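Hi,

Here is the structure I promised to pass on. Have a look at it first, then read my notes underneath.

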Amino acid sequence: PADRAMPPIEDFLNGNKEYNYPPVEVINKPGTVFKYSGAGFIVLEHVLEALEHGPINDLTNTFLIKLGVKNFTFLQETMPGHQFAHGYRDDGTEVEGTRLMFPAFAAGALGTAGSIAQFLSVLEHAYHDLAGHRGVSHDTARAMLHGSDLGCREFMGCTMGLGVFILEAGDNRFAVHQGANDGFRCVYLHCYAGPDRGFGVTVLCNAELEGVVFNAEVLQAALKHARVQGVDATQFKTNFSTKNLKQEEIVNVGYRDLVFKAFERTRPEEIVVKGPLSPLSQYNLAVGGRVLSVTNDLFARAENLLSPYGPVFDPELFGKQGKIMDSWETVRHNPLPHDEMIFEMKSPSAIRFVTLSTKYHHGNHAPIVRLEGMTGGEWVEILPKTNLEGHAIKVLEREKDDRVYSQIKVQIIPDGGFTRLGLFAELPTLPKSGVFSDEIPKTKKPLSLPFKTSAESIQCELARLKAGEEVNVASLALGAKVLKASNEHYGPAAQVISPYRPLNMFDGLESARSRIPGHFEEVTVALARPSVLHRIELDFTYFVNNNPREVTILGRINGAWKELVAKTYVKSFAGDRKAFSLIETGVVSELRVQTHPCGGLNRLKAFTLWTV
């Protein structure tokens, strides 16, 4: 109750008997399962106070002042001159003691809707601005708004970032969070990227279950009024079932079913130009199947796997997600053991033969496939882990099995492209396994702007530079050169030093997929002039699903290689740029960028202050 003193955060770590709060314990290995964790917020608060040697309210106030956020605090004791809302139950009675206090980060913030919206606006601008915005750095915003699943999407229709959830609506991206305290319910929805960037709604109300319905109705009205792209308003609901839900789950499931199910997931382009009808399609039990769920199909749609047509491939066709493929293809660097899709067969049947095709996928194919089938209400293994080659077909005959399967679970391990699946009870002729005889088509025209230099043009550019000017000495225009690259499977390394802005995914260096632990690829660039560097920028503009997981940058100084940037996680900078500020580097003559374990890079820039 707010009329008592708030216990120190340490009291909650070992349990607080007075408030019947159990000790903090680790239930799941961190980073493996999505679960709400009040204990996690308590540990975070304790760590910050221990590192910064001060109470959390003082630390957060300094931060909030930088953001320009007013009427927001983590200090919950009654403050003179401030009026607080009272909490109400759904039967109209007031919460005992008017309001309750909570540990600061575990639902213990006090503020107005406007103050929360102000923070979200700062976060949005920091996400796009390489220099950050007010008190939030670009790196922090990118880390916060980089989503992962681990069970979050099924539970609440979103992915999870850091301290925030992420919701897709076509090309729009929304920051989302819900709140539920005794007598209070709240939710915010803020578009931080996409065609409706800047649109946002923050709703706070003093009610409980009825508050969830009210907040959802406000969100629906605002989304309809703004005509937000990627939201199908006809899918909005007015009620949802709370049966068998825990109290802490109601807000998540409520907003998911009432509002978020109307948000359309980001999808790659549909295959419009079809190949010829497959001669075996009339026998293929997978054809006509209905996809029930898929963990990831951001590169190419899962339903392509079940197509009755032969795959088509246009080497010059790119979309918003990258290279358009007539297959099921998932993003690089899957943090989970496998990607998975489940589909319902058009007609339940026994399965005797299986064909697995990776046509047109080479270097990015799924290396292993496993199949399960639903029979008698349980999942049974149909095909154990099976190795696949690139641009090849594998034909398998199963042992006699009379069981009838209604649903199929397809697992690709760990990720990649899988072109067609064939499931057959019978086959008039059995195809042969092996690599396809026709080669994968290559581009007939350049997919990037060539930049031609000469000794004269380079000297002309150098002559224009002024002392003290910030200069990119990794530019081809000034005479920088790519010395070598370990792997240019999909894109030429020479483009990383082009002075032009990138045009597409091919306009840069991209290596084949690697799943080897400890593996990395690298590119080495000779700078236009040996220089003392103060900043390095990596541009991943068109690598939205396949930029590296991590990078390391080395500099050649006095003939020896020195680490300038230690191994750094960059997955959250997909489709963006990442800047590294450097302290005194010494005079660097060459740069070596290592991508772990693989991935794509549009541009490399290295900045110095020019001396004449």
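Below is what turned up in the sheets, the helices and the empty spaces.

Before the details: this is a predicted model, where local features need pLDDT of at least 70, side-chain atom pairs count only at pLDDT 80 or more, and totals for chains, interfaces and linings use all residues. Residues are numbered from 1 along each chain as its sequence is written, and side-chain values use heavy atoms, with hydrogens and water left out.

Sheets first. Helices (H or I, at least four residues) and strands (E, at least two) are DSSP runs, numbered from the N terminus, and two strands count as paired if DSSP finds at least two bridges between them. One open sheet has 5 strands in the order 3-4-5-6-7, with antiparallel pairing. Strand 3 (159–160) and strand 7 (200–205) are at its edges with a single partner strand each, so one side of each has no neighbour in the sheet. Inside that sheet, strand 5 (residues 172–181) and strand 6 (residues 184–193) run antiparallel and are joined by 9 bridges; His177 sits opposite Tyr188 of strand 6.

Two helices go with this sheet. Helix 4 (residues 113–128) lies across strand 6 and strand 7, at about 25° to strand 6. Helix 7 (residues 209–226) packs on the sheet too, touching strand 6 and strand 7, and its direction makes about 160° with that of strand 7. (Contact means heavy atoms within 4.5 Å; axes are lines fitted to C-alpha atoms, for helices over the stretch in contact, and angles run from 0 to 180 degrees between N-to-C directions.)

Helix 7 also packs against helix 8 (residues 250–258), at an angle of about 35° and with the axes 10 Å apart. Among the residues making that contact are Leu209, Val212 and Val213 of helix 7 and Ile250, Val251 and Leu258 of helix 8. By class, the contact has 8 nonpolar, 4 polar and no charged residues (Ala, Val, Leu, Ile, Met, Phe, Trp, Tyr, Cys and Pro count as nonpolar, Asp, Glu, Lys and Arg as charged, and the others, Gly among them, as polar).

Further along, 4 strands form another open antiparallel sheet in the order 19-13-16-20. Its edge strands are strand 19 (420–424) and strand 20 (434–435), each pairing on one side only. Strand 13 (residues 353–357) is joined to strand 19 by 5 bridges, and Thr355 has Gly422 as its bridge partner there.

There's a hairpin as well: strand 26 and strand 27 have 2 residues between them, and Asn558 in the turn has a positive phi of about 55°.

Now the empty spaces. On a 1 Å grid over the protein atoms alone, a cavity is a set of points where a 1.4 Å probe fits but cannot get out; a pocket is an open set with protein on both sides within 12 Å along at least five of seven lines; lining residues have an atom within 4 Å of a point. Grid points are joined across faces, edges and corners, and a volume is the space filled by probe spheres set on the points.

The second largest pocket holds about 630 Å³. Of its 25 lining residues, Phe313, His362, Ile440, His489 and Tyr490 lie nearest its centre, and the lining divides into 12 nonpolar, 6 polar and 7 charged.

The search found 2 cavities of 30 Å³ or more. The largest cavity has a volume of about 80 Å³, and strand 24 gives the largest share of its lining, 3 residues.

Cheers
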